[in-house]
Amino acid sequence: MSLVKTAKEIWGARELVNQFVRRDLTVRYHQAVMGFAWALVNPALVVMSGLIIRFAFAKLSGRPLELGDASTLAIKAIPWSFFAGAMSLATVSIVSHANLIGKVYFVRETLPIATVLGQAFDTTIGTASVTLALLVFGFGFSAQALWVIPVTFFLLLFTMGCALLLSCANLFFRDVKYLVQILISFGLFLTPVFFGPEALGPRGAIAMLVFPIATFIQAIGLSVGQGLSLATAQFVNVQGVETMVWSPWLLAYGAVISICTLLAGLVLFRKFSARFAEAA
Amino acid sequence: MSDSGLLEFQSVSKQFTRTSTHDSLRDFLPSLLGRSRRADAFWAVKDVSFSVRPGEVLGIIGHNGAGKSTILKLLNRIIEPTSGSIAAVGRIGSLIEVSAGFHQDLSGRQNVYLQGAIMGMRRAEIDRRFDEIVAFAELSEFIDTPVKRYSSGMNARLGFSIAAHFEPEVLIIDEVLAVGDHAFQVKAFARLKQMATGGAPVVLVSHQLDRVAEICTKCILLDHGAVAHEGTPQACIEEYLAVRPGEIEAGAVSRGFSFGEFRNRGAGTVTSGDRIELEYSGRCESLQPDNHMLALRVIAMQTGLHVYSVINTSFSLPFPGLGEFRHSLGLSMNVPEGSYLVKLAVWDSRTNSDIVRGPQLQVDVGTPRPFWGNAQLNAEWKAE
């Protein structure tokens, strides 16, 4: 099967992925201070804008802003920044190597994959910093935080799938990158980063949660931020209405969506990669 | 180097479209509604077949636009053929674009690993050959300096050196040979020759006909994407250098200048060092002297090298006025044994190009006293 062949070729090119990641990180972290700032600035900005929105909500509703709100916000900002950062870099990863693609053959999948892995490195630094800050402020992690491991795994697969699809699409249609930027800007409001899905009402909550990246962010926010189990449905009482903010089915849904996206990404990317050099 | 590789083209054709296709959604989506434009397609490579077995070195020559670059890209799997099939058994190594993957901010050392990985080398393989690569490129002192501080020569030397230490089963060479200074070029060419004769199947695409003649065991001449001649390198080079008659006619009519008969007053084979007397006629209908000059060139047919070029202004010979003209021309053939082409042309000094390609004459030079070298110095060697 061609998918197996593709997977084998990508595995065979792991040294190239490694070299691309090293190159990107070496260039990015060349000045250590700037490198670390790069890794932290994006999630920090997301947290700050989230806090401003929460502060405005708190003012309007008369309910004070709590430390828990800020910490959950910081925790949810990390997967979002990872995904948003990976998308904006990966979308242009093929086009920015157009010159190389026109001149040399190599396994093309290595480019978006290396971009996502480089972003994962930044996110690891961001995660370490946020974890440290939370511990300093006395935030207690519960055992439910371990859910983050499978969720992150599927988030990574999903991100790779999207990276393959978008990098390929952007080569043939150069305005895809603008579309991606717009989606990233609005995505912050379509995902439960700033506020929980309950804010949209019972139906709105479900609608938000089936937005794939929202599933992962909500899962991380609930398990790590609020110490809740993902194995049971979770409800929030909003002005007397019980609103479901999590269902164990979403876990299966997230897993299926991420695997399907990755497979679609691998197949379509390979199908079109024969034409890359002519489009580049 | 392995002798297990094999490279085969079976009636390979490649079509390109001249007009660019939609490259944005903004253009693409409306076009789905309207009628689609018919793309202007042309064949860059037409029905080309060849096979290269271990130990064979295939040269591919041809004028600009003949399809050489397209064949290189097909060989390197950068593009896929429109029809036909390409079989390549074994790991393909290319001496093409040898520093394409360099990142300017990284050191020479980091770039060796990066470029090596792009070429498909394993880390252990690069580790093992790293010192050799650096020594060959003569960059030991600068290997930890960022590549952006390298001169273009250093850049090219490092790129060549990485590619030259790859051990491919099939080797593809573009004329990247002109890298670095003269000393490095000599070294690079020696290395290349060593790789090319290492037993793997090799394809060499080049304009440097002397190198094709020196390295290749067989050759194909491309013309407008198709194979025009196939055979020994010498036969292909002679074919390549022969001007197609159609071109002369077309040039003459449009430029208001035509050459007539071009002939050798002597006959048969010329002895190296002897003088030949040539004559030619022509007619100038409307071409003004302006920047135009008559050019005479002598080309060695085995190698394609220009051994001699002159223009009329060096000889107090005025550019022909309107009407018929007849010139005579004497040449001392102080050249090694071989066949030479004497060509005439009208050259425009402003655009540095031939605007009328004139007739050509083949002169075969032999010698009773064989010698090595580039010029006949007519040695007189005797005991006193």
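Two residues are in contact if their C-beta atoms, placed from the backbone, lie within 7 Å. The structure described here is a predicted model.

**Where the chains meet**

By that criterion, 22 residues of chain A are in contact with 24 residues of chain B. On the side of chain A that touches chain B, the elements giving two or more residues are α2 (14-28), α5 (98-103) and α12 (276-279) of chain A. The element that gives the most is α2(A), with 6 residues. Sorted by class, this side of chain A has 11 nonpolar, 5 polar and 6 charged residues.

**Two serines with positive phi in chain B**

Most residues other than glycine have a negative phi. Two serines of chain B, neither of them a glycine, have a positive phi: S11(B) and S316(B). The table sets out their values.

| Residue | Phi | Other C-beta atoms within 10 Å |
|---|---|---|
| S11(B) | about 30 degrees | 12 C-beta atoms |
| S316(B) | about 45 degrees | 6 C-beta atoms |

Where in chain B do these residues lie? S11(B) is part of strand β1, which covers residues 6-17. S316(B) belongs to the loop between β14 (306-311) and β15 (323-332).

Is S11(B) buried or exposed? A residue counts as exposed if 12 or fewer other C-beta atoms lie within 10 Å of its own. S11(B) has 12 such atoms and is therefore exposed. S316(B) is also exposed, because it has 6 C-beta neighbours inside 10 Å.

Technical notes. Residues numbered from 1 in each chain as written. Chains lettered and ligands numbered in written order. Predicted model: local features only at pLDDT ≥ 70, side-chain atom pairs only at ≥ 80, totals over all residues. Helix = DSSP H or I, 4+ residues; strand = E, 2+ residues; numbered from the N terminus. Buried ≥ 20, exposed ≤ 12 C-beta atoms within 10 Å, placed from the backbone. Nonpolar A, V, L, I, M, F, W, Y, C, P; charged D, E, K, R; others polar.
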